[in-house]
Amino acid sequence: MRTKLAKRITSLTLVFTVIMSLFSSLVFASPEKSVKVTKEPPSKEIVKLIPSESTVSFSLSKGKHDLKAEAEYKDGSKADVTAKGKWTSLDEKIVTVASGVLTAVNAGSTHVQFSLGNAVLNVEVNVTQDAHVLSQNPNPSEVKKMVSLVLAAPRITFIDEGEERPIALKALYSDGSMEDVTKLAKWESRDPSIALVENGVLKGISPGDVSMRVTYSTFPLINFFASIRDVPENVTALLLSASKFRLETSDKPVQVYAITRDPESREVTSLGSWTTTDRNVATVSKDGQITPVGIGQAYIYFKYDKLVDAVLVNVVKPEKLVTDEPAVEILPGANWPVQLTEVFNNGESENVNPSEVKWTVEDSSIATVTDSGLIIGGKTGKTIVTASYRSDVLPPVKIEVTVTNKLTTPRVIGVKASPSNLSIGVGEEAPVAITAIYSDGSTEDVTASVQLFSDNHYVASVQQNYGGTSKVIGQLSGATVLHAIYYNGRHTVDIPVAVADKDGQRKAPTPESISVTPNMKNMVVHQQQQLEVKASYTDKSVVNSTPSAVYKSSNPDVVKVNKDGLLTAVGTGTAIVTVDSSGYSKQIPIAVSEKPSKDFVNKIVDLIPSETNISFRLAERAHSFSVKAKYQDGSTADVTSDSRFTSLDPSIVTVKNGVLTAVAPGTTQVLINHGTSTEILKVSILSENNASTGDLKIESLLVSSLDVIVQKDKLYPVHVFAQYNDGTQKEITKSIQWISEDPTIAGVTDGKFTGMKIGKTTVSATIAGFPPIQIPVKVTEKEGPVNLVGITKNILGMLIQPEAGAPVDVDAFAEYTDHNIVQVDTDGKWESSDEKVATVDQNGVITWVGPGEAYIYFNYGGLRDSVWVRNTKPVALISFPRNVMLEPNKSTDVSIIAFFGHPGRDGNCDCFDVTSLVKWTVADESVATISADGHIIAHAVGKTTITATVFGMSTTINVEVVAKYPTFTLGISSSPGYIVNSIGSTSEVVIHAMSSDGTVKDVTADVTWSTSSPEVAEVTADHKIVAKSEGAAVIFAEYDGFKIIIPVVVKPK
């Protein structure tokens, strides 16, 4: 028993011993390398990872290749971490990796990635067919290697706030193949609050511009801009091109456009939804075209995201034409301006321009009527004046006119001012009273009912208390004229005013010129626009003179203008609106069309920086530049303060409000963003001993798209930019060799892809020194992800003449939804509405053929735009003014108007301002000179002539430069201002003339006299007024171009 127990114990002991021995063997069987593995303390921070090879090439037959990774820590120490991190192959069909050991699977190229903590390492791997291929290849450059990086993005990527857009970085290899390395690259944003890249997606965070950068492997970084636009939710205003229309059922459709405001202007006409409240009154198309249908009122609503605006449409029927005075009594020789109003079925009314009315008189010996609706009394008697306006829909108005010396109802026959002229000192005040004289001899103080304004408020201003007294205040020495207007302009009186400063030290500034804005070169039918007139004075001040300006349209059938300067386009054609203010005149030529360009705003077509290539030294610290916007109408404006500026590399230069601040030597670029227009500047900061950078070399490429989807018969533009070794970027699209594998599917010229037929193909883009880039192209029936939204041209309308020289080349541009703008004048279809007037080739070159008018149409991508062309030789050239007098160092503007038809009796003309086309010659430039835009500057006392030549015709301007302006007559007045007397009595009247220097003299003996009714009152040879019979008359006194009236009322004895 004890023996069995002892044997059992011995057996258990042996078993235990064997188990312990095996365990011990297992524990101590690990290789020596593993014994040394220790975990780094958490305090050690990795600065970077270093591969044993940055590019690995080995043959398929070799099978395996060892790769190691070393970590460099913040404390300066290094350690082999090959076995510590995670190894990943981007393409396991080419190579696999485990603990740094690469195993070849198939020939090809890819990358392996090693990551440890937050540190990441990428290594390029090339696997060749077998070993003997490499041994037979003595030139290692023929082995497939990565030669460049290609960023699939334009220099400026535009996206909306909150939008996410894929962005790709690809490695270009020596054999032309590309590999997506987007997720292996390091993406950085200078301001992540505006935009950032995560997992291959560019994200718009908030509105603004920001510079972005991406790095991969050992290649230089690539810079690009991201511009984040406000989304509709952040747009705070929506503006329609019209708020109200009054239409008739016979009117053609009218176009309304919609734009957003704040932070930038953007047309959204076709991006929102249009609805009407009553289709029986007016309908609206999806593009904002309103068509009148029936009588009534409707609202046309436009909704864009959360914003809504409306147009009130009244479709009316004209019912009658009325006048405020259907029966008029006037004195012989007196005049009466007729006022007509058109009344509509809804109760609305509109004043009618008298020049648009046809006037007839039954008996022209009793009364006549001018084209402007002014009835002038002849001999005594009665007649009928008929006013016809829109005779196809409105019955004419008949006005009974009685010309008599004895008005049955007392009427105002004149007004007088007291005093009749003023000579005051600076700072002095003088009351002014205006009296109305009635035909029965009674008078009335109408001071509170008149409008008073001064030609030059710097000399004298008016303080008018409506319902009370008015006074004139002397401001600065000089001369001016006050105008008193009564009864809607039917009666006026002028008051000459001279202001003197006793010390002779202060002199009032005088008007130098006027400006009229906006420069409305083009309008569309039914469009309205308010003009603003400003007068510039010799002290450089500017005054708004819109209310006191006088406006006239040469062709009211095309453009009407009211007394306040409101333009209304009423028909197609051309007109010149003349604006007179402060002694100056401006002519505004306007062309009106039925179908406008898509833009109803004066759109910016270009940004013009004062410098495009800026270099300055680091020691200079700062450098300023400015930016101008060029608008579609050809005008420019400084927009520096309104633009956004972004530096591509703020470590080299920063920028704010057009001021560059140097940070460190180097070259970079600056983005200028104004609304929807952008421009890029090259900026170089030089060190004190700046050396030449040598030849520029392309380091990497930016391609706007590496995967093209284009609609059949449409165009899709691709832009390619090169980033050079100096950090700058330049577009090279047109220097690339573009080849389509199948031109029957997609054609390509200068980066413009055109869909020919449905299908797929590949386009290769070859850049000198690089393998071809292969771009897949898909042509579809439907629109792709990027679509055409509009077309614009650099010219809207023009005059062309056979003498003007070469044909005119028009540029056309297409704008896409990704903010891509490409010139397409050779890609669309051009056609002329009348080839007897002008022809156009398929490059947009317009050639004069014969006289007349035509439209040159450009069709592209289902859109259409046009250029208005007039070809003719004018019948006359006229300068405004024709005679100029200046003191030395003074200046003025002249305009040259070409008349293409003789003016009619109503003053309408077919004329055009051609000042900008004129060639000027000056007989004596020591006396005066003239600029290209017609600005005359006086130099020395003397006389000369300036000849303006255009279209083979010439006109001459006489210029006289005087040491001091001669005094001139400001105005005349009578004393007394009116006469009420009995039959047979004689009254003595004195006529005074006030000069510009303030002197007043008796000019009675030099006056030319006349009377409206010799049987009532007449003037004797010794200048006395004799009352002959009962009634009322008006005596006219004329001197030096001024004419005043003296009302005379004769009562029985």
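These legends go with close-up views of a predicted model.

**View 1. Ser740 and its polar partners at the end of strand β75.**
Here we zoom in on Ser740, which sits in strand β75, residues 737-740. Its relative accessible area is 12%, so Ser740 counts as buried. The side chain of Ser740 reaches two backbone oxygens: that of Ala746 at 2.7 Å and that of Asp742 at 3.3 Å. Both distances fall within the 3.5 Å used for a polar contact. If you set aside neighbours within four places in sequence, the contacts of Ser740 are Ala746, Val748, Thr761, Thr762 and Val763. Ala746 therefore turns up as a contact of Ser740 and also offers its backbone oxygen to the Ser740 side chain.

**View 2. The three-stranded sheet β72-β77-β76.**
This open sheet has 3 strands, ordered β72-β77-β76, and the pairing is antiparallel. The edges are taken by β72 (715-717) and β76 (746-749); each has a single partner strand, so one side of each is left without a neighbour in the sheet. From one strand to the next, the twist averages 25 degrees. For the pairing itself, look at β76 and β77 (residues 752-755), which run antiparallel and share 4 bridges. One spot to pick out is Thr749, which stands opposite Lys752 in β77. As a reminder, strands of a sheet pair through backbone hydrogen bonds, either parallel or antiparallel.

**View 3. Arg411 over the face of Trp336.**
Arg411 belongs to the loop between β40 (397-403) and β41 (412-418). At 17% relative accessibility, Arg411 falls under the 20% limit and so counts as buried. Arg411 lies over the face of Trp336, 5.0 Å from the ring centre. The Arg411 side chain also makes a polar contact with the side chain of Glu325, at 3.4 Å. Not counting residues up to four places away in sequence, Arg411 touches Glu325, Ala327, Val328, Glu329, Trp336, Ile437, Tyr438 and Ser439. Gly441 is 30 residues from Arg411 in sequence, and the two C-alpha atoms are 9.8 Å apart.

**View 4. The aromatic cluster around Trp336.**
Staying with Trp336, this view takes in one aromatic cluster made of Trp336, Tyr486 and Tyr487. A quick word on how to read it: a pair of aromatic rings is described by the distance of the centres and the angle of the planes. Trp336 is buried, with a relative accessible area of 6%, whereas Tyr487 is partly exposed at 33%. The Trp336 and Tyr487 ring centres are 6.0 Å apart with the planes at 75 degrees, so this pair is edge-to-face. Trp336 lies in strand β33 (residues 335-337) and Tyr487 in the loop between β48 (478-486) and β49 (491-500), so the pair ties together parts 151 residues apart in sequence.

**View 5. A tilted pair, Trp87 and Phe114.**
The model has 9 aromatic pairs by the rule used here. Trp87 and Phe114 form one that is tilted, with 4.6 Å from centre to centre and 40 degrees between the planes. Trp87 comes from strand β6 (residues 86-89) and Phe114 from strand β9 (residues 108-116), so the pair ties together parts that are 27 residues apart in sequence. Phe114 has 1% relative accessibility and counts as buried. Trp87 is buried too, with a relative accessible area of 11%.

**View 6. The four-stranded sheet with β108, and a lysine over a ring.**
This open sheet has 4 strands in the order β101-β109-β108-β105, and the pairing is mixed. Its edge strands are β101 (979-982) and β105 (1008-1011), and each of them pairs on one side only. The twist from one strand to the next averages 25 degrees. β105 and β108 (residues 1031-1039) pair in the antiparallel sense over 4 bridges. Within that part of the sheet, Thr1011 has Ile1035 in β108 as its bridge partner. Also in the frame is Lys1043, which lies over the face of Phe1036 at 4.8 Å from the ring centre.

How values were computed: Residues are numbered from 1 along each chain as its sequence is written. This is a predicted model: local features need pLDDT of at least 70, side-chain atom pairs count only at pLDDT 80 or more; totals for chains, interfaces and linings use all residues. Side-chain values use heavy atoms; hydrogens and water are left out. Helices (H or I, at least four residues) and strands (E, at least two) are DSSP runs, numbered from the N terminus. Buried means under 20% relative accessible area, exposed over 50%, partly exposed in between (1.4 Å probe, protein chains only). A polar contact is a pair of N or O atoms within 3.5 Å; within protein, one must be able to donate a hydrogen and the other to accept it, and residues adjacent in sequence count only if both atoms are side-chain atoms. Contact means heavy atoms within 4.5 Å. Two strands pair if DSSP finds at least two bridges between them. Axes are lines fitted to C-alpha atoms, for helices over the stretch in contact, and angles run from 0 to 180 degrees between N-to-C directions. Rings of Phe, Tyr and Trp (its six-membered ring) pair if their centres lie within 6.5 Å; planes under 30 degrees apart count as stacked, over 60 as edge-to-face and the rest as tilted. A charge sits over a ring if NZ of Lys or CZ of Arg is within 6 Å of the ring centre and within 35 degrees of the ring normal.
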